[in-house]
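Welcome, and thank you for joining this tour. Please have your viewer ready, and we will go from one selection to the next.

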Amino acid sequence: MRFLFTTTPGFSHTVPLVPLAHAARLAGHQVLFAAGGPALRAATEAGLSAVDAAPGQDLTAPYVRLASTAIGDDLSVEFVMEQVFGAFGEIGGMMLPGLVRTARDWRADVVLYPPMLPVGLPAARAAGALAVEHGIGLRHPMFPLLTEAVPAVLAEAGVTELPRRPDAELSLGPESLEKINPTAPREPVPYDLLTMRPSSYNGGGRVPDWALRAPEGRPRVLVTLGSVPAHNDTQVDVLREVVRGAEALDAEAVVTSGGSDLTEKLGVLSGRVRLMNEFLPLGAVLPTCAAVVHHGGMSTMFSALAAGVPQVVVPTTKGDALTNAQVVEERGAGVTVDPAVCTAATVGEALRRVVREPGFRAVSEDVAAELAAMPDPLAVAGRLAERARTRRG
């Protein structure tokens, strides 16, 4: 079987797909990624074959605009989601011709894509392949295609109407979270809904030896605002307050910068702060952490859950960051700090709670155990391959 994976240019939208890709390859199937920008690099650095889905085009441009415009306390959720749909719709439009060409030329049997890249569905139909929506965290509806007309590239491939639903959906969300997830569809879906254990894979990178052991005499707090450099650059004030809040707890703060050099912007730091301007895989350091403070990103949230580490969420963007923060807090795995009132004092108090009140760690470890009990990627790869064989007849 031939498994074709595609995703948006975002690094954090790519790494959740890598474990299944490796599992499919280990099971003897052929695997190919069709992507662009940081996603293309993330796939190849994971040791996977990849093709540029939109050669000569800057897929990151809509992403960068979104990161710089969809922030601010004065913006409504509706406005932000309109910007989100528009940005991902633009990305999908640039990728569609390449996806259709790759899926057909490579004769893909299975096409997997995240909910925010719905053009993966018609690309699968153009190739006669099994279409699988691969979740990257909590379930939410597939993004709209933003067009009612059949694009020429699909019509030429024999697709006469736009498909509206996949053949299967792959969910990484455990039951205890999906029950309280406000974006999860409540009605039964008319296709296979499979679950798969999310991995702690966050990409590769050099890990300093100190990250493998907890510090003596004080807790370690991991601080991250995600993997988009533009977002880190625009949220330096928030990052500075978070660091000061960790220092007030007398904690060691490990700050990951998303690839940005924040040395000058953060100014003079105490000896208890480790600023990592180079990429640091979260999964490598989280087991030695007492807590993690983050922006509400799905990948960071699930990495913390898989490690059983309590969270303080500062949702610096609207959209799924708000949902993630709500679910983490309602489940009891952490607390939320409103970015509008994010100060060293508010962050310090939140950290004191999740570090010193044992209930947060206990709930986080319960969720980690729940995740570990979900079907593994190798089992899921086998089920998808069987579905694809049946489809091909």
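Two strands count as paired if DSSP finds at least two bridges between them. Keep in mind on every stop that this is a predicted model.

**Stop one: a pair of strands.** Select residues 220-224, which form strand S8, and residues 252-256, which form strand S9. These two strands pair in the parallel sense, over five bridges. Now pick out Thr224: across from Thr224, in S9, stands Thr256.

**Stop two: the whole sheet.** Widen the selection to the open sheet of six strands, in which S8 and S9 take part. In what order do the strands run? The order is S10-S9-S8-S11-S12-S13, and the pairing is parallel. Color strand S10 (273-276) and strand S13 (334-336) to mark the edges. Each has a single partner strand, so one side of each is left without a neighbour in the sheet. Look along the sheet to follow its twist, which averages 15 degrees from one strand to the next.

**Stop three: helices on the sheet.** Add helix H9, residues 236-248. Helix H9 lies across S8, S9, S10 and strand S11 (291-294), and runs at about 160 degrees to S9. Next, show helix H12, residues 298-307. Which strands does H12 touch as it packs on the sheet? They are S8, S11 and strand S12 (311-313), and the direction of H12 makes about 175 degrees with that of S11.

**Stop four: two crossing helices.** Move to helix H4 (residues 77-105) and helix H5 (residues 120-127). Their axes come within 8 Å and cross at roughly 35 degrees, and the crossing is right-handed. To see the contact, show the side chains of Leu99, Val100, Ala103 and Arg104 on H4, together with Ala123, Ala126 and Ala127 on H5. By class, this contact of H4 with H5 has six nonpolar residues, no polar ones and one charged one.

**Stop five: two cysteines.** How many disulfides does a search of the whole structure find? The result is zero. Select Cys289, which is in no disulfide; its nearest cysteine sulfur belongs to Cys342 and is 18 Å away. A disulfide needs the two sulfur atoms within 2.5 Å. Is Cys289 buried or exposed? Cys289 has a relative accessible area of 4%, so it is buried. Finish on Cys342, which is in no disulfide either. Cys342 has a relative accessible area of 10%, and it is buried.

Terms used: Residues are numbered from 1 along each chain as its sequence is written. This is a predicted model: local features need pLDDT of at least 70, side-chain atom pairs count only at pLDDT 80 or more; totals for chains, interfaces and linings use all residues. Side-chain values use heavy atoms; hydrogens and water are left out. Axes are lines fitted to C-alpha atoms, for helices over the stretch in contact, and angles run from 0 to 180 degrees between N-to-C directions. Helices (H or I, at least four residues) and strands (E, at least two) are DSSP runs, numbered from the N terminus. A crossing is left-handed if the near helix is turned anticlockwise from the far one by less than a right angle, and right-handed if clockwise. Contact means heavy atoms within 4.5 Å. Ala, Val, Leu, Ile, Met, Phe, Trp, Tyr, Cys and Pro count as nonpolar, Asp, Glu, Lys and Arg as charged, and the others, Gly among them, as polar. Buried means under 20% relative accessible area, exposed over 50%, partly exposed in between (1.4 Å probe, protein chains only).
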